[in-house]
Amino acid sequence: MLKSSFFLLPRFPLASTPHRTIHFAKMSTTPAPLSPKFVPAEKSGVTSVSKSDGFKFSLVSYNILAQAYVKGDLFSHSPRPCLKWKARSQAILTVLKSLGADFLCLQELDEYDSFYKGNIESVGYSSIYVKRNGQKRDGCGIFYKQDSAELLTEEKIEYNDLVPSNQDDTSSEDKEENLPAGGNKKLASKDAGLKNKRAGHGDLNDPCVRFKRDCVGIMAAFRLKDPSHFIIVANTHIYWDPELADVKLAQARYLLSRLAQFKLLVSDKFDCSPSVVVTGDFNSLPGSQVYQYLMSGSSEAGTLLEISDDVPIPLCSAYASTRGEPHFTNYTPGFTGTLDYILFSPENIKPVSYLELPEPEASDVQGGLPNYYHPSDHLPIGAEFEIIQ
């Protein structure tokens, strides 16, 4: 339970109101969630010979930790009150509102219809959402300020499309309701018991089993209103298991393939050259094969599946091109590292500020997340972009 303190105030006689009652103030001693700020980038590796018109837009990406994955035994390091839905949902909402970004890209978003949609839209946003396949209760959502952007078209990405057409209808993960979430999942594959349980769901050498992970993404084209500018925003959540690195890479390749097709569609339909921003929890560290592929469009690693040979859209990391990738975006006793990224195509936008992140020695992250200061096991990341005309 949240603790409160009562401060007793003395009563003083008031000549004009001799019978007036003074009500005691109730003050909470529970720390409030922190609201990070955007920090100007001192140096940027992204340059352009064109002059900027000074117009900017901001975007935040945040894995908010689905409540469906909040199990006490998985987050035993967290204060119990921080794991309760009522307190955690309000803390997340407080953080999201305080950020004030033009776009909020959320992963592990559950309770969308019952809570987040209405509460976030009440402060001037509209939203789109895609739920994961199978029995999963979370998904990916994009919230956008109605005063800043107009939604033009959207497409959902279902990575189960990578599964060969002769698949059966049983997901290899439908029964894995108790798999850990967030950073704790990174160690789950090393547990022999879990390995045996997972093996019982099918032969991972069978592509029909191996590639059916129920992961999703969503991408949408927007027209920014002042000045008019077209932008594509993609938000995704890549599969977690480090032992299925080929599956992660296949999903990354499929994402960029679909994104390239979507960009062509938008360019032709609206006669424009849209900017591209890709966000999400990629469950991949800097330097990993997925990271290298997203940055360069190439990887030495092969996969069991062949995907379109479309030339991917060249992307840069907003943090790497300004301050360097964060020390971590996911922080638990079992795992600490950077898994979340904001990527962009540098043709006509550049990052000019980024959302501040705590240092490893910061007191507000000690012991692991979630805690009173950070309501998810991930941290929000963000960037402000300037349009280059």
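A residue counts as buried when its relative accessible area is under 20%, and as exposed when that value is over 50%. The exercises below apply this cut-off to a predicted model.

**Exercise 1.** Determine whether Gln67 is buried or exposed, and state which residues it touches.

*Solution.* Begin with the location: Gln67 lies in the loop that runs between strand 4 (52-63) and helix 1 (80-83). Next, consider its accessibility. The value for Gln67 is 16%, and therefore this residue counts as buried. Finally, list its contacts. Leaving aside residues up to four places away in sequence, Gln67 touches Leu83, Lys84, Trp85, Arg88 and Asp110.

**Exercise 2.** Describe how the buried and exposed residues of helix 3 are arranged, and what the buried ones pack against.

*Solution.* First, identify the buried residues of helix 3 (residues 112-121): Tyr112, Phe115, Tyr116 and Ile120. Viewed down the helix axis, the buried residues fall within an arc of 120°, so they line one face of helix 3. The general principle is that an α-helix has 3.6 residues a turn, so residues three or four places apart point the same way. Then turn to the face directed away from the buried side, where the exposed residues Asp113 and Ser114 are carried. Lastly, name the packing partners: the buried residues of helix 3 pack against helix 2 (85-99), strand 5 (103-109), strand 6 (125-131) and strand 7 (139-145).

**Exercise 3.** Set out the strand order of the open sheet of six strands, and find which strands stand at its edges.

*Solution.* The order is 8-9-10-11-15-12, and the pairing is mixed. Strand 8 (149-158) and strand 12 (316-317) each have a single partner strand, so they stand at the edges, with one side of each left without a neighbour in the sheet. Within the sheet, strand 11 (residues 275-281) pairs with strand 15 (residues 340-344) in the antiparallel sense over five bridges. Asp281 has Asp340 of strand 15 as its bridge partner. Helix 7 (residues 245-270) packs on this sheet and touches strand 8, strand 9 (216-225), strand 10 (228-237) and strand 11. The direction of helix 7 makes about 145° with that of strand 8.

**Exercise 4.** Locate Ile120 within the nonpolar cores.

*Solution.* The largest nonpolar core has 56 residues, and Ile120 is among those with the most contacts inside it, as are Phe57 and Phe143. Not counting residues up to four places away in sequence, Ile120 touches Leu93, Leu96, Leu104, Leu106, Tyr125 and Phe143. A second, separate core has 39 residues, including Ile157, Ile232, Tyr254 and Val276.

Key
Residues are numbered from 1 along each chain as its sequence is written. This is a predicted model: local features need pLDDT of at least 70, side-chain atom pairs count only at pLDDT 80 or more; totals for chains, interfaces and linings use all residues. Side-chain values use heavy atoms; hydrogens and water are left out. Buried means under 20% relative accessible area, exposed over 50%, partly exposed in between (1.4 Å probe, protein chains only). Helices (H or I, at least four residues) and strands (E, at least two) are DSSP runs, numbered from the N terminus. The arc is that of the directions from the helix axis to the C-beta atoms. Contact means heavy atoms within 4.5 Å. Two strands pair if DSSP finds at least two bridges between them. Axes are lines fitted to C-alpha atoms, for helices over the stretch in contact, and angles run from 0 to 180 degrees between N-to-C directions. A nonpolar core is a set of buried Ala, Val, Leu, Ile, Met, Phe, Trp, Tyr and Cys residues joined through side-chain atoms within 4.5 Å.
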